[in-house]
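Student: Could you help me learn to read a structure that is new to me?
Tutor: Gladly; let us put it in front of us and take it feature by feature.

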Amino acid sequence: QHEQLQESQKVVTSKLATETEQLKEVSSRLELAIKQREDFKDEKNDLFVKLTQTETELKQTIMNGVISKEGSSSELASIRQVLMGLQVEHEGVRQQRDDLEKTVAIVHADCNDARHEAAKM
């Protein structure tokens, strides 16, 4: 019975050692994950600061642009008209492209049909 107790104690001690090693490994991975999370937070904060600075600079640039263009609103209106015309033209070109793609698909299908008919003959 004493030997059984010693054997059981060895098994328990071995299991404890294994679980202790596993806990150390998990703890190590957890520490690494926490460090990476802190690094990520720092990066996120840095990016937020840069984004805020960029936003401020952009707002200032826009304000400067608005102030400098305040007197030339007719110029802006004509630019808007040109842009709208380009958008309409672009939409027309897109529609033409879509129509051509449909036509090509039809011609391709007709060619395949003709090949099949020729192969039958």
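Tutor: We begin with a definition: helices (H or I, at least four residues) and strands (E, at least two) are DSSP runs, numbered from the N terminus. In this chain there are two helices and zero strands. What we see is a predicted model, where local features need pLDDT of at least 70 and side-chain atom pairs count only at pLDDT 80 or more, while totals for chains, interfaces and linings use all residues. Residues are numbered from 1 along each chain as its sequence is written, and side-chain values use heavy atoms, with hydrogens and water left out.

Student: What radius of gyration does the chain have, and what would a compact globule have?
Tutor: The radius of gyration is taken over C-alpha atoms, and the globule rule is 2.2 Å times the number of residues to the power 0.38. For 121 residues a compact globule would come out near 14 Å, whereas the chain has 37 Å. Its C-alpha trace spans about 100 × 75 × 10 Å along the principal axes. As an example of distance, Arg115 and Leu76 are 58 Å apart in space, C-alpha to C-alpha, with their positions 39 residues apart in sequence.

Student: How many of the residues are buried?
Tutor: Buried means under 20% relative accessible area, exposed over 50%, and partly exposed in between (1.4 Å probe, protein chains only). Here buried residues make up 1% of the 121 residues. Arg115, in helix H2, counts as exposed because its relative accessibility is 53%.

Student: And how much surface does the chain expose?
Tutor: Accessible areas come from the Shrake-Rupley method with a 1.4 Å probe, and for residues only the protein chains shown count as cover. The chain exposes about 11500 Å², and carbon and sulfur atoms supply 60% of that.

Student: How many salt bridges are there in the whole structure?
Tutor: A salt bridge is a side-chain nitrogen of Lys or Arg within 4 Å of a carboxyl oxygen of Asp or Glu. A search of the whole structure finds seven. One of them joins Glu25 to Arg29, with the closest N and O atoms 3.6 Å apart. These two are four residues apart in helix H1, so about one helical turn separates them. Glu25 is partly exposed at 48% relative accessibility, and Arg29 is exposed at 52%.

Student: Which residue does Glu55 meet?
Tutor: Glu55 pairs with Lys59 in a salt bridge (3.8 Å, N to O). Glu55 is partly exposed, with a relative accessible area of 41%, while Lys59 reaches 51% and is therefore exposed. Elsewhere, Arg97, Asp98 and Glu101 are linked in a network of salt bridges.

Student: What makes a surface patch?
Tutor: Patches are made of residues with over 30% relative accessible area and no salt bridge: like charges are joined within 9 Å, nonpolar side chains (Val, Leu, Ile, Met, Phe, Trp, Tyr) within 5 Å. Leu76, Ile79, Val82, Leu83 and Leu86 make a nonpolar patch of about 420 Å². Val82 lies in helix H2 (residues 73-120) and is exposed at 52% relative accessibility.

Student: Which residues form the negative patch?
Tutor: Lys and Arg count as positive and Asp and Glu as negative; His and the chain ends are not counted. The place of a charge is taken as NZ of Lys, CZ of Arg, CG of Asp or CD of Glu. Glu38, Asp42, Glu43 and Asp46 form the negative patch. Asp46 lies in helix H1.
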